[in-house]
Amino acid sequence: MKMEMGMSMERTPAMQRCMDDCCHCMTMCMETMMYCMSKNMGMQMMSMLQDCADMCQLASRCMMRFSTMSPRMCGMCAEMCTMCATMCDQFSNDKTMMRCAEMCRRCAECCKSMAHAHAVA
């Protein structure tokens, strides 16, 4: 069954991987935010982590329900994850922040692929 805007009602392995990466990234960002709170890091960093976690959750949920907005949400998620990774990279001597940056980059890549794969021509 096909839906408008190119979204299929079949969950592909790539879509499942992207949903999984979004969920893992959301969890990583929330855990990293708690870590940042314990280290008294700035509000800007914690706010970015929360925003990224929220966007990952939204993108994943849109994909789960085959929303026609999934390509846009995945594109926005890719952008948010890239921004979050860049902020985390500022703490290059911190293993927790580097793990978060790595997960954010991984999520950004899969979301970018999903956004392009299902974008309307």
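1. **Overall make-up.** Let's begin with the fold: the protein chain has four helices and zero strands. Follow the sequence from start to end and you meet the pattern α-α-α-α. Please keep in mind as you read that this is a predicted model.

2. **Overall dimensions.** The C-alpha trace spans about 50 × 20 × 20 Å along its principal axes. How does the radius of gyration fit with that of a compact globule? For 121 residues, such a globule would come out near 14 Å, and the protein chain has 15 Å, so the two agree.

3. **Inside and outside.** Of the 121 residues, 45% count as buried. The protein chain exposes about 6900 Å², and carbon and sulfur atoms supply 57% of that area. As for contacts with a separation of 6 or more, 71% of them come from residues 24 or more positions apart.

4. **Charges.** The chain carries 12 positive and 12 negative charges. If you take the mean position of each set, the two points are 2 Å apart.

5. **Cys25, a good residue to click on.** You will find Cys25 in helix α1, which covers residues 13–38. Is Cys25 buried or exposed? Its relative accessibility is 0%, so Cys25 counts as buried. Leaving out residues up to four places away in sequence, Cys25 touches Cys52, Cys56, Cys81, Met103, Cys104 and Cys107. Try one distance on your screen as well: Cys25 and Ala85 are 60 residues apart along the chain, while their C-alpha atoms are separated by 11 Å.

6. **Do not assume disulfides.** Seeing those cysteine names, you may wonder about bonds. A disulfide is a covalent bond between the sulfur atoms of two cysteines. How many disulfides are there when sulfur atoms must lie within 2.5 Å of each other? The count comes to zero. Cys23, for example, is in no disulfide; the nearest cysteine sulfur belongs to Cys22 and is 7.0 Å away. With a relative accessible area of 32%, Cys23 is partly exposed. Cys36 is in no disulfide either; for Cys36 the nearest cysteine sulfur is that of Cys88, 6.9 Å away. Cys36 has 0% relative accessibility and therefore counts as buried.

7. **Ser60 and its partners.** Move on to helix α2, residues 43–64, where Ser60 lies. At 1% relative accessibility, Ser60 counts as buried. Not counting residues up to four places away in sequence, Ser60 touches Met19, Cys22 and Cys23. The last of these names is the partly exposed cysteine from the previous point.

8. **Asn40, in a loop.** Asn40 sits in the loop between α1 and α2. What is notable about its backbone is a positive phi of about 55 degrees, although Asn40 is not a glycine. Buried or exposed, which one applies to Asn40? With 69% relative accessibility, Asn40 counts as exposed.

9. **Phe66, in another loop.** The place of Phe66 is the loop between α2 and α3, the latter being residues 70–88. Phe66 is a residue other than glycine with a positive phi, near 55 degrees. Its relative accessible area is 11%, so Phe66 is buried. Put Asn40 and Phe66 side by side on your screen: Asn40 is exposed, whereas Phe66 is buried.

Notes:
Residues are numbered from 1 along each chain as its sequence is written. This is a predicted model: local features need pLDDT of at least 70, side-chain atom pairs count only at pLDDT 80 or more; totals for chains, interfaces and linings use all residues. Side-chain values use heavy atoms; hydrogens and water are left out. Helices (H or I, at least four residues) and strands (E, at least two) are DSSP runs, numbered from the N terminus. The radius of gyration is taken over C-alpha atoms; the globule rule is 2.2 Å times the number of residues to the power 0.38. Buried means under 20% relative accessible area, exposed over 50%, partly exposed in between (1.4 Å probe, protein chains only). Contact means heavy atoms within 4.5 Å. Accessible areas come from the Shrake-Rupley method with a 1.4 Å probe; for residues, only the protein chains shown count as cover. Lys and Arg count as positive and Asp and Glu as negative; His and the chain ends are not counted. The place of a charge is taken as NZ of Lys, CZ of Arg, CG of Asp or CD of Glu. A disulfide is a pair of cysteine sulfur atoms within 2.5 Å.
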